[in-house]
Every structure is written in C-alpha cells, then in structure tokens.
Amino acid sequence: MKRPAKLDPAEIETRLGKLPGWTLKKGALCRTFTFEDFSEAFSFMTRVALAAEKMDHHPDWENVWNKVTVRLNTHDAGGITVLDFKLASTMTTLAGL
C-alpha cells in the first residue's frame, strides 16, 4: 500500500483550522485529552488503538492517570500527512468532542 505524501505547511495550517483543540508542535499534530479518571482514559486509548490498527497508522502517545497526550506525524513520510489528520479527527470523535 502506497503511503501518503507529506503535506505542505499551508495545507497543514488549513486543515488544522478545521480541527479544534489540536496544535502544531515540532512537526506533529498534538493534543491532550482529559477524562474523568484512568478507566475512561484507558477506554479511549483502546478504542483509538482499534481504529489506528485498521488505518495502519499508530499514534505516539502517553497516558498519565486521566490524561492522554498525543503526537501525530507520519514517520515514513517525514512529516504530517492526511493520515495524521484522519486519525486526529477519529480521536476527537471517539473522545466525544
């Protein structure tokens, strides 16, 4: 399967404007999701993991109690691609936002 190409900065800014709560930091889409407790955070991560596996695109993330911090970029493309925006949108939806 051919992987998507890295997006140019203008395209990233345009797409980022349509994705509230996400920011651009050091070449990655970033967001911290906050939940009621660890169980909610872990449930979210489980749902995202299943979606990410279907996309064959996996987040860089960490969980500390009720927070899940995410960084998305496409390593093999050397930057942000449409896959990152698709996964970011999916994560936002799965978080109920």
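## Phe33, Phe44 and their ring neighbours

Start with Phe33: its relative accessibility is 2%, so it counts as buried. This is a predicted model, and in it Phe44 is also buried, with a relative accessibility of 0%. The structure has 5 aromatic pairs. One of them is Phe33 with Phe44: the ring centres sit 4.9 Å apart and the planes meet at 45°, so this pair counts as tilted. Phe33 belongs to strand 2 and Phe44 to helix 2, so the pair ties together parts that are 11 residues apart in sequence.

Phe35 pairs with Phe44 as well, with ring centres 4.9 Å apart and planes at 35°, so that pair is tilted too. Phe35 and Phe44 are both buried. Add Trp22, and you have one aromatic cluster made of Trp22, Phe33, Phe35 and Phe44.

## Helix 2, inside and out

Helix 2 covers residues 38–55, and its 18 residues should span 26 Å at 1.5 Å a residue; the end C-alpha atoms are 25 Å apart, which agrees. Its buried residues are Ala41, Phe44, Met45, Val48, Ala51, Ala52 and Met55. These cover an arc of only 130° around the axis, which puts them on the same side of the helix. An α-helix has 3.6 residues a turn, so residues three or four places apart point the same way. Over on the other side of helix 2, you'll find Leu50, Glu53 and Lys54 exposed.

What do the buried residues of helix 2 pack against? Their partners are strand 2 (28–34), strand 3 (60–64), strand 4 (67–72) and helix 3 (82–94). As for the ends, a side-chain oxygen of Asp37 comes within 3.2 Å of the backbone nitrogen of Ser39 at the start of the helix, while Asp56, just after helix 2, has a positive phi of about 55°.

## The nonpolar core

The largest nonpolar core has 23 residues, and the members touching the most others are Trp22, Leu29, Phe44, Leu72, Phe85 and Met91. Helix 1 (9–16), strand 2, helix 2, strand 4 and helix 3 each put in at least two residues. Helix 2 supplies the largest share, 6 residues.

Take Met91 from that list: setting aside neighbours within four places in sequence, it contacts Trp22, Phe33, Phe44, Val48, Trp61, Val70 and Leu72.

## A buried Asn in a loop

Asn66 sits in the loop between strand 3 and strand 4. Is Asn66 buried or exposed? Its relative accessible area is 12%, and buried means under 20%, so Asn66 counts as buried. Again leaving out neighbours within four places in sequence, Asn66 is in contact with Phe33, Thr34, Phe35, Glu36, Asp37, Phe38 and Ala41.

Notes:
Residues are numbered from 1 along each chain as its sequence is written. This is a predicted model: local features need pLDDT of at least 70, side-chain atom pairs count only at pLDDT 80 or more; totals for chains, interfaces and linings use all residues. Side-chain values use heavy atoms; hydrogens and water are left out. Helices (H or I, at least four residues) and strands (E, at least two) are DSSP runs, numbered from the N terminus. The expected span of a helix is 1.5 Å times one less than its number of residues. Buried means under 20% relative accessible area, exposed over 50%, partly exposed in between (1.4 Å probe, protein chains only). The arc is that of the directions from the helix axis to the C-beta atoms. Contact means heavy atoms within 4.5 Å. A polar contact is a pair of N or O atoms within 3.5 Å; within protein, one must be able to donate a hydrogen and the other to accept it, and residues adjacent in sequence count only if both atoms are side-chain atoms. A nonpolar core is a set of buried Ala, Val, Leu, Ile, Met, Phe, Trp, Tyr and Cys residues joined through side-chain atoms within 4.5 Å. Rings of Phe, Tyr and Trp (its six-membered ring) pair if their centres lie within 6.5 Å; planes under 30 degrees apart count as stacked, over 60 as edge-to-face and the rest as tilted.
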